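Hi,

Here is the structure we talked about. Please open it alongside this email and have a look while you read.

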Number of protein chains: 2
Amino acid sequence: MDMKSSPCSALRIDGARLWQSLMELARIGATAKGGVCRIALTELDRQGRDLFVRWAREAGCSIRVDAIGNIFARRTGTDEALPPVMTGSHIDTQPTGGKFDGNYGVLAGLEVLRTLNAAGVRTRAPIEVAVWTNEEGSRFVPVMMGSGVFAGAFTLEHALAQRDAQGISVGEALRSIGYAGQAGPAPAVGAYFEAHIEQGPVLENHGRVIGVVTAALGQRWYDVTVQGMEAHAGPTPMELRRDALLAASELVLEVNRIAVERKPHARGTVGTLEVFPNSRNVIPGRVKFSVDLRAPDDAQLLDMDQALRAACARSAAERGLAIDVEQVVYFPPQPFTPRLVQAVRANADDLGYSSMDVVSGAGHDAVYVARVAPAAMIFVPCDDGISHNEIESAEPAHLEAGCNVLLRAMLAAAEVVA
Amino acid sequence: MDMKSSPCSALRIDGARLWQSLMELARIGATAKGGVCRIALTELDRQGRDLFVRWAREAGCSIRVDAIGNIFARRTGTDEALPPVMTGSHIDTQPTGGKFDGNYGVLAGLEVLRTLNAAGVRTRAPIEVAVWTNEEGSRFVPVMMGSGVFAGAFTLEHALAQRDAQGISVGEALRSIGYAGQAGPAPAVGAYFEAHIEQGPVLENHGRVIGVVTAALGQRWYDVTVQGMEAHAGPTPMELRRDALLAASELVLEVNRIAVERKPHARGTVGTLEVFPNSRNVIPGRVKFSVDLRAPDDAQLLDMDQALRAACARSAAERGLAIDVEQVVYFPPQPFTPRLVQAVRANADDLGYSSMDVVSGAGHDAVYVARVAPAAMIFVPCDDGISHNEIESAEPAHLEAGCNVLLRAMLAAAEVVA
């Protein structure tokens with residue numbers, strides 16, 4: 001569909017209205033430092049959900065809640081037999097989260113509905129805005145729980161049985177906030193788009209407004225344990241040591257090198273490292289650290305896995321240590337749907353927004369939805385790339401631009417009825 | 001003095017009696033795993049002190065206790081105007097300590113007294129066996145407290161005012177166990193010898209029985225803090241990171257290199273390292289670690305200090321990080337007295353024991369005493385170089401050999417009265 005010649009080529013969302021909605025939702029769970037603490041399935045989450053439901057009903061939507069608490073606000077299409085064109089994200093936050101992570105994607109969807117209503121635009125396919133349950137995983141794991149159940153990444157029963165630190169289950173928490181909906185198979189989705197702040201520095205660094213997300217990186221996480229020999233730092237000459245921290249330090253540098261050598265998308269991070277006995281004048285006998293490897297395709301990720309294991313084996317042999325490598329998490333790489341990705345790219349161009357192709361380094365609900373439906377994401381910059389932080393911030397003009405791209409891409413997928 | 005022609009050249013200590021005393025003292029505070037927990041100035045320390053005092057009195061000694069609780073058992077010389085020839089060590093242990101660390105030096109001194117008594121040997125100078133208070137520093141810091149006060153490294157008032165985790169002061173603890181003695185200036189010492197397990201692997205590694213300790217390494221300890229930029233491991237490309245753990249890992253390797261390049265005596269150790277926020281998928285924003293540098297002379301130690309600071313500055317500049325280096329402890333290198341060191345070496349040779357020159361990488365009471373008196377140390381091997389551990393162990397034959405060298409060296413210094 002050629003938007004330039006369509007009756008809606010002049011249609012734009014209302015950036016001020018979008019911003020106002022973001023600020024109003026951000027008051028629920030607002031923190032003193034300007035952030036938001038609205039943890040999944042708490043009373044504050046209920047208040048946020050209720051506000052979204054009220055707004056969606058005011059926009060003429062019907063509301064459906066599924067058994068894991070995902071909310072779907074539906075705007076009727078002229079052909080209700082068609083699968084909906086869907087957008088959405090999440091409104092739960094980290095304990096010290098910001099106003100935009102997740103919330104932007106949900107309210108950008110709401111803004112699309114309001115824009116269509118104001119302009120009297122009808123679409124052939126229905127349009128839905130989803131609020132996915134517990135994306136952050138701060139209180140209940142697994143993360144991306146609602147979209148994970150929707151996509152069949154794990155079962156509803158598994159998710160409902162998870163408990164928080166106080167022993168409260170997901171099922172109990174859903175009932176207590178009134179969002180335990182109907183069980184049933186996940187309905188088909190015609191196309192899924194998710195707008196999100198980038199949560200990284202790439203767009204800002206390149207001075208671009210729209211990130212055309214081509215894929216989400218695959219992830220392999222590991223626990224690595226280095227077992228050496230604890231000994232006194234004073235009496236033990238350098239050549240007789242089996243220092244676990246020396247080997248671990250080499251491996252921290254190696255994890256970095258493995259990723260740097262596989263530019264531009266590979267990532268390698270040691271985020272946690274613990275030393276035993278962690279005493280000033282004792283040579284470390286044991287070090288435990290995490291490794292997080294990410295890559296855009298499985299072949300590269302496997303290659304990185306092998307490079308990590310080879311480095312560990314080499315270090316163990318050279319230093320006379322035992323090094324154990326245990327993989328603890330695997331998320332496969334998830335490419336997004338090329339024709340939807342192209343729709344995002346082309347509409348950004350049409351609207352005159354600078355854009356660039358990016359990959360999503362982090363997980364998002366769209367990554368699970370992409371397992372069962374055509375899907376794409378739209379990134380907009382966030383200040384200094386900072387997210388999961390109360391100082392998380394984004395420019396109103398960028399949020400507006402991302403929402404206009406979303407509007408266009410959704411209309412193209414849902415087909416405007418002339 | 002030529003021991004071969006002296007009347008005492010055939011004199012030997014009783015290895016079985018020494019071993020029996022070690023095992024008997026080790027029953028006070030014995031742990032299930034075969035170690036000893038006899039922390040300074042506790043009821044168990046009192047019991048250990050009382051046993052030593054009883055044994056020393058049975059050996060004909062007079063007992064003197066000073067204001068910091070050091071015990072001096074004195075065997076009269078024929079010329080009581082001469083300063084005593086002294087030996088000693090400590091009987092306090094680490095919480096999970098062994099039977100030999102410190103205890104060996106005290107009971108080797110007692111065994112020397114018993115041997116002289118049994119053989120009816122008189123010396124011109126008096127002989128004293130010292131039990132120094134709180135060498136380990138497990139309950140009260142500073143470490144090597146009794147010998148530190150004796151040598152004027154810090155004041156009696158400072159030491160008495162220190163408090164343990166329960167708020168009990170050294171002064172209170174000394175009074176409660178009945179070992180708060182008389183204040184007064186430290187008396188002159190003619191010569192001081194201390195026998196000790198090596199607490200390291202060098203003698204075992206070289207197959208030698210006697211370590212002739214030429215000096216104690218100087219020490220500089222540091223707190224290093226690397227301040228980078230916390231960010232998400234997924235969305236942040238490798239080239240835009242300011243990873244504090246990467247810089248810290250380079251510096252861990254650099255600390256090792258600084259010592260390895262200054263063989264054989266230099267030491268460089270990172271014993272503690274802490275990562276913030278220490279989360280799997282967050283690039284470390286801050287890392288704090290300790291550095292422990294040791295060298296046999298101040299010029300080399302200063303050279304190592306400069307190499308460390310240069311490496312930190314280089315890493316900070318290359319990686320765009322702030323690195324703060326704060327020196328928190330300085331112990332100057334302490335050479336032992338050449339003629340006493342030579343007496344240890346020559347007597348080991350005379351007795352047919354294999355020996356080698358070593359440095360003390362750890363602190364010992366002798367290191368403080370060497371500030372105010374001629375001093376030397378005698379090391380014997382401990383199994384696998386392990387100390388400060390309940391499995392700490394030593395061969396009876398090695399303990400006997402070290403005690404025979406001590407006997408000879410003390411007799412040479414105190415002069416046998418024919």
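Below are some notes on what turned up in it.

First, the ground rules. This is a predicted model, so local features were kept at pLDDT of at least 70 and side-chain atom pairs at pLDDT 80 or more, while totals for chains, interfaces and linings use all residues. Residues are numbered from 1 along each chain as its sequence is written, chains are lettered from A and ligands numbered from 1 in the order in which they are written, and side-chain values use heavy atoms, with hydrogens and water left out.

On confidence: pLDDT is the predictor's own confidence in each residue, on a scale from 0 to 100. Chain A has a mean of 96, and 98% of its residues reach 70 or more. Be careful with residues 1-5 of chain A, where pLDDT stays under 50. The model has 11 contacts (heavy atoms within 4.5 Å) for that stretch, counting beyond four places in sequence.

How do the two chains relate? A rotation of 180 degrees, with 0.1 Å of shift along its axis, puts chain A on chain B with an RMSD of 0.1 Å. That is the relation of a two-fold axis. A:Ser249 has the C-alpha nearest the axis in chain A, at 2.3 Å. The superposition is by least squares on C-alpha atoms of residues with pLDDT of at least 70 in both copies. As for the interface, 100% of chain A's interface residues are also interface residues in chain B, so the copies meet through the same surface.

Next, helix 8 of chain A, residues 244-260. Helices here are DSSP runs of H or I with at least four residues, strands are runs of E with at least two, and both are numbered from the N terminus. The expected span is 1.5 Å times one less than the number of residues; for these 17 residues that gives 24 Å, and the end C-alpha atoms are 25 Å apart, which agrees. Of the 17 residues, 14 are buried, where buried means under 20% relative accessible area, exposed over 50%, and partly exposed in between (1.4 Å probe, protein chains only). A:Asp243 caps the N-terminal end, with a side-chain oxygen 2.8 Å from the backbone nitrogen of A:Leu245.

A:Val405 sits in helix 12 (residues 396-414) of chain A and is buried, at 0% relative accessible area. Beyond four places in sequence, its contacts include A:Ile210, A:Val344, A:Leu351 and A:Ile378. A:Arg12 is 393 residues away from A:Val405 in sequence, yet their C-alpha atoms are 9.3 Å apart.

Cysteines: there are 0 disulfides over all chains (a disulfide being two cysteine sulfur atoms within 2.5 Å). For B:Cys382, the nearest cysteine sulfur is that of B:Cys403, 17 Å away. B:Cys382 is buried at 1% relative accessibility.

Finally, some backbone oddities. Most residues other than glycine have a negative phi, and most peptide bonds are trans. In chain B, the bond from B:Lys263 to B:Pro264 is cis, with omega near -5 degrees, and B:Pro264 is in the loop between helix 8 and strand 9. The bond from B:Phe276 to B:Pro277 is also cis, with omega near 0 degrees. B:Pro277 lies in the loop between strand 10 and strand 11 of chain B, as does B:Asn278, whose phi is positive, near 60 degrees. B:Asn278 is partly exposed, at 25%. A:Asn134 has a positive phi too, about 50 degrees, but it is buried at 1%.

Cheers

Conventions:
Polar contact = N/O pair within 3.5 Å; in protein donor to acceptor, adjacent residues only side chain to side chain.
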